[in-house]
Amino acid sequence: MQRPDTDYMKTALELAEKGRGWTSPNPMVGAVIVKNGEIIGRGWHESPGGPHAEINAIADAGGQARGATMYVTLEPCNHHGLTPPCTEAILEAGIKKVVCAMMDPNPDVAGGGAKYLASRGVEVETGLCENEARRLNEAFIKFVTTGRPFVILKSAATLDGKIASKTGDSKWVTGPASRGHVHLMRHFSDAILVGINTVIADDPSLTARLDGKKTKDPVRIIVDTGLSIPENARVLTQQSFAPAVIAAGDKVDAAKARRLEKAGARVLCLPAGKRGVDLNALAQELAKMRITSLLVEGGGHVSGAFLAAGLVDKICFFYAPRILGGDGISMCSGTGPEHMASSVQVKDIAIQRFEDDILVEGYIC
């Protein structure tokens, strides 16, 4: 019995997921080629500059692709970039029908691939599993439609919302399973951001480390308005292919900035006010660096500042089965609204368990 179309597209989505963490600033894309009810070709986009999912699937199918149907999670490209147009390869392979989960969200090219294929006699359908495809590439969609990175705010707290004791001790709020998932989140993200207080208190590495799994370190960003970072901090001195970026104010010690840059860091001097560096200006600079996704792992001050600036797209809050009580450090600090009706609203909530810890994920309304 022939499988329904949704099964084929879900297989393509699973293939696309294999590229998570490796394809940015390109989207994750998967493709399968089906003939006579059987999948004869599979492919996914593996890295920027490498073959697209459609090309890999066609290569996998070989000569059997003629007369077949392709299921692909994103509209095939019809323009020359680092690789030739996928539409031409589809026509050359003799594929008769293309089913796309979603159109290309890039306003400069949207619809071009589907129209071109249809004009050459290929049957084109769109919209199958579109919601799943859009969720898969939520960071890419935000970046190409707004010119800003997709921002995920991560925090780990006790059940009463404390990220550290009154002395600053935070090791460890959550268990090893939760911490392992955070390292996976780092691998998936283009950049990770913390504030200078976290660097001084914890001297973190901000790398992605998972036993037995190849990972990619995110760009390390430190918000440090006064440029007070120790020059021997691990975020600046460790061996990593990912660079370190310091977001400083516009009135800092120029000599120290030169020393830090000579040592390999990049110092961004940004407008600053009483609440610190202008985070909107920082977001614009990160977009210029082709950072499509940003994982904010800061303390209460940084978390509160990003929420207040309206820059957070998604929250990932881990809760451990602990109650600290007293005057511990809260997840978000700063001046909050006077009324509950003005609080930040979160939608599309999902909950996961990591041993005894709970992860709450959701999107800012």
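**Legends to the views of the predicted model**

**View 1. Burial across the chain.** Of the 365 residues in the chain, 51% are buried. The model shown is predicted. The accessible surface of the chain is about 17,700 Å², and carbon and sulfur atoms contribute 50% of that surface.

**View 2. Overall fold and dimensions.** The chain contains 12 helices and 18 strands. Along the principal axes, its C-alpha atoms fill a box of roughly 70 × 45 × 45 Å. The radius of gyration is 23 Å, which agrees with the value near 21 Å expected of a compact globule with 365 residues. Among contacts in the chain with a separation of 6 or more, 70% are between residues 24 or more positions apart.

**View 3. Charged groups.** The chain carries 41 positive and 41 negative charges. The mean positions of the two sets lie 3 Å apart.

**View 4. E361 in its strand.** E361 belongs to strand β18, which covers residues 357-364. The relative accessibility of E361 is 16%; buried means under 20%, so E361 counts as buried.

**View 5. Surroundings of E361.** The side chain of E361 makes a polar contact of 3.2 Å with the side chain of Q352. Neighbours within four places in sequence aside, E361 is in contact with K314, I315 and C316, and also with D348, I349, A350 and Q352. Q352 therefore appears both in this contact list and as the side-chain polar partner of E361, a residue that counts as buried at 16% relative accessibility.

Terms used: Residues are numbered from 1 along each chain as its sequence is written. This is a predicted model: local features need pLDDT of at least 70, side-chain atom pairs count only at pLDDT 80 or more; totals for chains, interfaces and linings use all residues. Side-chain values use heavy atoms; hydrogens and water are left out. Helices (H or I, at least four residues) and strands (E, at least two) are DSSP runs, numbered from the N terminus. The radius of gyration is taken over C-alpha atoms; the globule rule is 2.2 Å times the number of residues to the power 0.38. Buried means under 20% relative accessible area, exposed over 50%, partly exposed in between (1.4 Å probe, protein chains only). Contact means heavy atoms within 4.5 Å. Accessible areas come from the Shrake-Rupley method with a 1.4 Å probe; for residues, only the protein chains shown count as cover. Lys and Arg count as positive and Asp and Glu as negative; His and the chain ends are not counted. The place of a charge is taken as NZ of Lys, CZ of Arg, CG of Asp or CD of Glu. A polar contact is a pair of N or O atoms within 3.5 Å; within protein, one must be able to donate a hydrogen and the other to accept it, and residues adjacent in sequence count only if both atoms are side-chain atoms.
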